Amino acid sequence: MMTDTVTVLSHWQFALSGLLHFLFIPLTLGLSLLLAVIESFQFESGRRDDYQNPFGRLERLFKLAFVMALASRLPILLQFGANGSYFSHYVGDAFALPLTLEVLSGLILAVLLFGPYSLGRNRLGKGWHLALTWLLVLAMHVSAFWILLSHSWMQYPVAVVFNDLSYRLELTDFQIFIANPVVMGKWLHTLVSSYACAAAAVIVLALRNPVGWHDARSTALMAAITGLIATGLTAIGDPTPKQASLTQSIKQTLIEGDNPERWLPELQTHVRQGVEAFRLLERLRDDHQDSAIRADFARLQTNLGYAWLVKPFNQQIAGANDQQIELAAQSALPAWPLVILWSYRLMIAAGLLTLVLFAWTAWLARQANAPSEATRTRLTCLAAAPWLASVSGWLVAEFGKQPWAIAGLLPSASGVSASTPTEAGISFAAYLLANIVFLAIGWHLAKALVSNPTINTTEAG
Amino acid sequence: MMTTDLETLRLLAWAILMLATVGVGLLEGISSGGLALLSAVGERRDHGHALIRTLAPVALLHAAWLMLFLALIFAAWPIAYAVALHSFRCVLLAMLLLLMLRLPLLYFYRQLPEHWQGHACKLLAASGLMMAVGFGLLAGNVLKGVPFHLDSDMRVAFLGDLMTLLNPFAVLVAATVLALLTMHGASYLALHTYGGVQLQLRALQWRAGIGFAILLVLTGLWISHLEGYHVTSDILTKAASNPLAKFVKRSEGLWLDNYEHEPWLAVLPTLAFIACGLVVWLARRGQNYWAMLSSTVCVTMTSLTFGASLFPFLLPSNISLNSSLTIWDSSASPIALAVTVCAAGVGLPLLAILSRWGHTGFAASNWHDGELDTPPQHPPISSSTKE
């Protein structure tokens, strides 16, 4: 077990990388669909001039978000191995598979299509460009599915079994794995919240349209309607906390503001069975052939993850006493219950504000007069609401999963690499510095691309 | 049935890993090698810009191939991924953070304010240099052996530090890889640029080629005396993955074992050497297309030589020999491996073809959108830049 400092720094480093990536992903995903819809409208109606200016700036924003999202992905790939080497070994067999399928089927394809999409608008005919845009949307949505399959599996793991020879969890059935009951709901929930984030960004651009409100009205109306539908659909919610698993039940209890300690007896039972599974595992490692031990282990091995919770209280898990088992069970409850409770409430409040944003914009877009500067400022502030809702939802999901990296199977602290606090500190500082520079570059580019009409983004470099 | 298949799956996964290694060498090699040249070419601002404009439209694709490579290792060899990333984290941290900054700076270079462009140019050059040197350092340390240990729970302990990774052999390999990638980057850039910058690149191309040839010979000589690794116990090709279930010995010259058992493998380094010679000769004759083709062969053969020498090792440990990772004892489970092999077996060749299209179809159009037949107009070439 790593020292607390190393564990905390590793967690913060991962959270930092995740948050940075999360800033750009909803925008990229949502804008891709909105741009495809607008481009289709232009194609059919020939009313390109209505949209041209906001559309052009939207496209620039999309290009920037795409590049930033891809770039911010790199440190995440590094994190799993560098800071979570035991995590990578212990669950990599199942966890890494969707990530690889994502790169193969979505990410590289999206990057390949992004080149001609971004640079080939004048070279390709309207029809080819539109087809390319929709293919790009498809690639990005496929990509999101695989990523969310990994996330779903972390929250609600299925189709894995512990292999005592390899000392890790191994995939038992790919069909069950891919049909994780959580994934479709999570995917749709993430997609619609991304559309809401993108629609909010479109509204801000329309409100700040330098050519005037009249030219941007139809774009704003389209974004507001998309946003209203998307926000309405987010109300269906992420199905994860409603799953019949102990970790999710505890999360749901905390979301409802109830006392999670009522789960302690059940947690203690799991820890006891986990310790028993660990004892059997030790005997099994001495004698691989004993079928009776193997059968007992097979019965109890789903609780093995709970045995790792004992390690901070007794390094020799097999010798854990009742008090240590109680302490381990206590540690299985999320350490920050108030963060979960208030993040959830913040998510709901931000969701309601998002509805206000879209409804208000839709009403304004139907009016002939341009909104006042004060109204534009209010709406611009409200445009942060969908992001706030998304980030709050992410916090509920991640804090609600604690202390687990993989719910019920591997505690976060156990997955961390063996490092010294100095190494972890240097690594964290390097990440922090690089992320600040990265954000500064992104911020400057966003301002330049959106506000400077003379910039040509049909050429790279 | 499954255990019979596991051996084949592991071999196929290794072949796919080699393909991905070649892909990364060829593609990310262009970006890294090309950007490393910025410090040499970028003295004239317009020359530096020409390099950036040529690399910008393909740099995202190159980074995506690097991600594919990492993801493939993670899926097919989870513990190798864990050990490699944990052990090399200092070097990888610098490489990947610079790469992260590189992508937006390169793609939106002209959108940066004037006073940022100079700094961006330096950062881009540093990123190219760091990537090329980093690849070499990693390769050198893999050949030398990495100071890691696996305990009975398979927890990884890296027992070295940054200075351990900067050993003389790894530094020599880093210099070799730097020369190779700058030659490759210059070959690609010379093919897509015109005028003075092209002449400058050609000069760098053959110089880097000669440098690579000399360093390749030196590295080969050192490897023949370097301590290699050999599995002394029975190799259980179909057993569950457990790196600790074998015995490994280390002895001088063992990395040449595979060439003794399969003499035809000597074709790989020989072809690398010949292709390098061809790059130098063709670059001097100004035959850019054929020079690029030879450079591609050179990078491919060098990558395959590296893989063939190591086989069946993925990551040897020089502190705890039996902890060394081979393709037989560190793979994913049969189901995960089968899915990975099937997906990559179909996807990788397809992506390779599409990547080729990505380079020919749109990289060139970045110069003059809609005017593919017209070479870009550079400012007049001063006599001082002519070779």
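**A hairpin, a shared core and a two-chain interface**

In strand E2 of chain A, A:Glu170 has A:Val161 standing opposite. That pair is a handy way into this predicted model, and the rest of the hairpin follows from there. A second pair is made by A:Asn163 and A:Arg168, the latter again in E2(A). The partner strand is E1(A), residues 160-163, and the two run antiparallel, paired over four bridges. Four residues sit between E1(A) and E2(A), giving a hairpin.

Side chains in a regular strand alternate between the two faces of the sheet. E2(A) shows this nicely: A:Arg168 and A:Glu170 point one way, while A:Leu169 and A:Leu171 point the other. Are these four residues buried or exposed? All of them are buried, the two charged residues included.

The turn of the hairpin has a quirk of its own. A:Tyr167, in the loop between E1 and E2 of chain A, has a positive phi, near 55°, without being a glycine. A:Tyr167 also counts as buried, because 22 other C-beta atoms lie within 10 Å, where 20 or more are needed. Chain B offers something along these lines at B:Met154, with phi near 70° in a residue other than glycine. B:Met154 lies in the loop between strand E1 (148-150) and strand E2 (156-158) of chain B. With 22 other C-beta atoms within 10 Å, B:Met154 is buried.

Most residues other than glycine have a negative phi, and most peptide bonds are trans. Exceptions to the second part turn up in both chains. In chain A, the bond from A:Gln402 to A:Pro403 is cis, with omega near 10°. A:Pro403 is in the loop between helix H15 (385-401) and strand E3 (404-406). In chain B, the cis bond joins B:Phe311 and B:Pro312, and omega is about 0°. Here too the proline is in a loop that leads from a helix to a strand, namely from H12 (288-310) to E5 (313-315) of chain B.

Now for how the chains meet. On the chain A side, 66 residues are in contact with 67 residues of chain B. Four elements of chain A each supply at least two residues to that side: helix H2 (48-82), helix H3 (85-119), strand E2 (168-171) and helix H17 (421-451). Which of them gives the largest share? H3(A) does, with 23 residues. By class, the side of chain A that touches chain B has 41 nonpolar residues, 19 polar and six charged.

Nonpolar side chains tend to be buried together in soluble globular proteins. In this model the largest nonpolar core takes in 295 residues, and those with the most contacts inside it are A:Ala199, A:Ala201, A:Ile203, B:Leu60 and B:Leu68. Helix H3 of chain B (residues 45-76) gives the most to this core, with 23 residues. B:Leu60 is a good spot to look at contacts across the chains. Setting aside neighbours within four places in sequence, B:Leu60 is in contact with A:Val67, A:Leu70, A:Val111 and A:Phe114 from chain A, plus B:Leu103 and B:Tyr107 from chain B.

Helix H6 of chain A (residues 183-207) is mostly covered, with 22 of its 25 residues buried. Its length also checks out: at 1.5 Å a residue, 25 residues should span 36 Å, and the end C-alpha atoms are 36 Å apart, so the two agree. Helix H4 of chain B (residues 78-87) is mostly covered as well, and 10 of its 10 residues are buried. Among the buried residues of H4(B) are B:Pro78, B:Tyr81, B:His86 and B:Ser87.

Finally, the overall build of chain B. Its secondary structure comes to 13 helices and six strands. The C-alpha atoms fill a box of roughly 65 × 40 × 35 Å along the principal axes. A compact globule of 387 residues would have a radius of gyration near 21 Å, and chain B has 21 Å, which agrees. Buried residues make up 58% of the 387 in chain B. Of the contacts in chain B between residues at least 6 apart in sequence, 80% join residues at least 24 apart.

Technical notes. Residues are numbered from 1 along each chain as its sequence is written. Chains are lettered from A and ligands numbered from 1 in the order in which they are written. Two residues are in contact if their C-beta atoms, placed from the backbone, lie within 7 Å. A nonpolar core is a set of buried Ala, Val, Leu, Ile, Met, Phe, Trp, Tyr and Cys residues joined through C-beta atoms within 7 Å. A residue is buried if 20 or more other C-beta atoms lie within 10 Å of its own, exposed if 12 or fewer, and partly exposed in between; C-beta atoms are placed from the backbone. Two strands pair if DSSP finds at least two bridges between them. The expected span of a helix is 1.5 Å times one less than its number of residues. The radius of gyration is taken over C-alpha atoms; the globule rule is 2.2 Å times the number of residues to the power 0.38.
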